[in-house]
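Okay, everyone, thanks for coming. Let's go through one structure together, starting with the big picture and then zooming in.

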Amino acid sequence: MSAPLLAVKDLSMRFGGLLAVDGIAFDVAPQEVFAIIGPNGAGKTTVFNCISGFYKPTTGAIALAGKSIAGHSSHHVANEGVVRTFQNVRLFKTMTVLENLLVAQHRHHQPPPLSGLFNTRRYRESEQLKISNALKWLDVMELRQYANREAGNLAYGHQRRLEIARCMITEPRLLMLDEPAAGLNPQEKKELQQLIDRLRREYGVTVLLIEHDMGLVMGVSERILVMEYGRPIALGVPEAIRNDERVIKAYLGEA
Ligand SMILES: Nc1ncnc2c1ncn2[C@@H]1O[C@H](COP(=O)(O)OP(=O)(O)O)[C@@H](O)[C@H]1O
Ligand SMILES: [Mg+2]
């Protein structure tokens, strides 16, 4: 197996008296789709918050391609190529769809300071590049026809896709999706599964996925970590997880 893109060891996160994450460890290989599942409150989003720099973990090591990112700011972690979506859609709702993708690129392709003021050729070229990039991603996500729509007025499924586009346009190494299928209909879920697979194959991104929809999780993931009360209870390929006694009892049996 190749060296992991993401390595998480002995991760824990305490909120006062609550140990929300307790002894979590896993590796994600480059271009793998790795899922974290478990009942509500199991600590899945907290793991995401620790990796993406929103929380400073109480204990543990987090390394991206061998470089420690544990406890670094979310800004720093994003600059290292780790991007995420949230359980609730977070777009700039009063901006257009296109503008959302332009803003997302500010971190990249940064023109030299003051060049905008003098409208230099380099500035115009960098703005043009941002627009063509944005249009490319609108095509990939089949959102081109909504380019000038206010993001907040898009259908929910389209808002979800725009969020993923906003992540992908920064050319991330690790894409973290927190319940991306929540609120989608069966057809949209199927399309999401194909999209995740395509992003991995065509754009080489590694995917860390939190998801409740078992069809999607089993269909798209190479390996799955199951959490319960902050603890890991199983880690393995979909077939093994599906047949794991503890998992069935803790989680799958719940449905
Ligand atoms: N910022 C916080 N402060 C206090 N408790 C929190 C905080 N974030 C999450 N928790 C608690 O940690 C536990 C795990 O939450 P979370 O990671 O959101 O679970 P999941 O995503 O698996 O549903 C829950 O009991 C939740 O209430
Ligand atoms: Mg959550």
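I'll take you through the overall fold, the sheet, the ligand and a few odd backbone angles.

One thing before we start: what you see here is a predicted model. So how many helices and strands does the protein have? Counting along the chain, you get nine helices and 10 strands.

Now, the overall dimensions. The C-alpha trace spans about 65 × 40 × 40 Å along its principal axes. You can also ask what radius of gyration to expect from the chain length. For 255 residues, a compact globule would come out near 18 Å, and this protein has 19 Å, which agrees. As for the interior, 37% of the 255 residues are buried. And here's a nice one about how the chain folds back on itself: if you take the contacts between residues at least 6 apart in sequence, 66% of them join residues at least 24 apart.

Okay, on to the sheet. Six strands make an open sheet, and the order across it is E6-E7-E8-E3-E9-E10, with mixed pairing. The edges are E6, residues 82-84, and E10, residues 231-236, and each of these pairs on one side only. Neighbouring strands in this sheet are turned against each other by 20° on average, if you ignore direction. Quick reminder for those of you who are new: strands of a sheet pair through backbone hydrogen bonds, either parallel or antiparallel.

Let's walk in from the E6 edge. E6 and E7 pair in the parallel sense over three bridges, and Val 83 stands opposite Leu 175 there. On the next step, E7, residues 174-178, pairs with E8, residues 206-210, again in the parallel sense, this time over five bridges. If you want to find that pairing on the screen, look for Met 176, whose bridge partner is Leu 208, and for Asp 178, which stands opposite Ile 210.

Stay on E7 for a second. Is it enclosed or open to the outside? Five of its five residues are buried, so E7 is largely enclosed by the rest of the structure. In a regular strand, side chains alternate between the two faces of the sheet. You can follow that here: Leu 174, Met 176 and Asp 178 point one way from E7, while Leu 175 and Leu 177 point the other way, and all of them are buried.

Now jump to the other end of the sheet. E9, residues 223-228, runs antiparallel to E10, and five bridges join the two. Leu 225 stands opposite Leu 235 in that pair. E9 and E10 form a hairpin with two residues between the strands, and Tyr 229 in that hairpin takes a positive phi near 50°. Keep that one in mind, we'll come back to phi.

Next, the ligand. Which residues surround ligand 1? Among them are Phe 15, Leu 18, Asn 40, Lys 44, Thr 45 and Thr 46, and there are glycines too, including Gly 38, Gly 41 and Gly 43. By class, that shell has four nonpolar, six polar and one charged residues. Strand E2, residues 18-28, and helix H1, residues 44-51, each supply at least two residues, and H1 gives the largest share, three residues.

So what does H1 look like in its surroundings? Helix H1 is mostly covered, with eight of its eight residues buried. The buried ones include Lys 44, Thr 45 and Thr 46, and also Val 47 and Phe 48. After the helix comes Gly 53, with a positive phi near 85°.

And that brings us back to phi. Most residues other than glycine have a negative phi. Besides Tyr 229, with its positive phi near 50°, have a look at Asp 10 and Ala 65. Asp 10 isn't a glycine, but it has a positive phi of about 50°, and it sits in strand E1, residues 6-15. Is Asp 10 buried or exposed? Asp 10 has 12 C-beta neighbours inside 10 Å, so it counts as exposed. Ala 65 isn't a glycine either, and its phi is positive, about 45°. You'll find Ala 65 in the loop between E4, residues 59-64, and E5, residues 67-68. Ala 65 is partly exposed, with 15 other C-beta atoms within 10 Å.

That's my tour, thanks for listening!

Note on methods: Residues are numbered from 1 along each chain as its sequence is written. Chains are lettered from A and ligands numbered from 1 in the order in which they are written. This is a predicted model: local features need pLDDT of at least 70, side-chain atom pairs count only at pLDDT 80 or more; totals for chains, interfaces and linings use all residues. Two strands pair if DSSP finds at least two bridges between them. Helices (H or I, at least four residues) and strands (E, at least two) are DSSP runs, numbered from the N terminus. Axes are lines fitted to C-alpha atoms, for helices over the stretch in contact, and angles run from 0 to 180 degrees between N-to-C directions. A residue is near a molecule or strand if its C-beta atom, placed from the backbone, lies within 6 Å of it. Ala, Val, Leu, Ile, Met, Phe, Trp, Tyr, Cys and Pro count as nonpolar, Asp, Glu, Lys and Arg as charged, and the others, Gly among them, as polar. A residue is buried if 20 or more other C-beta atoms lie within 10 Å of its own, exposed if 12 or fewer, and partly exposed in between; C-beta atoms are placed from the backbone. The radius of gyration is taken over C-alpha atoms; the globule rule is 2.2 Å times the number of residues to the power 0.38. Two residues are in contact if their C-beta atoms, placed from the backbone, lie within 7 Å.
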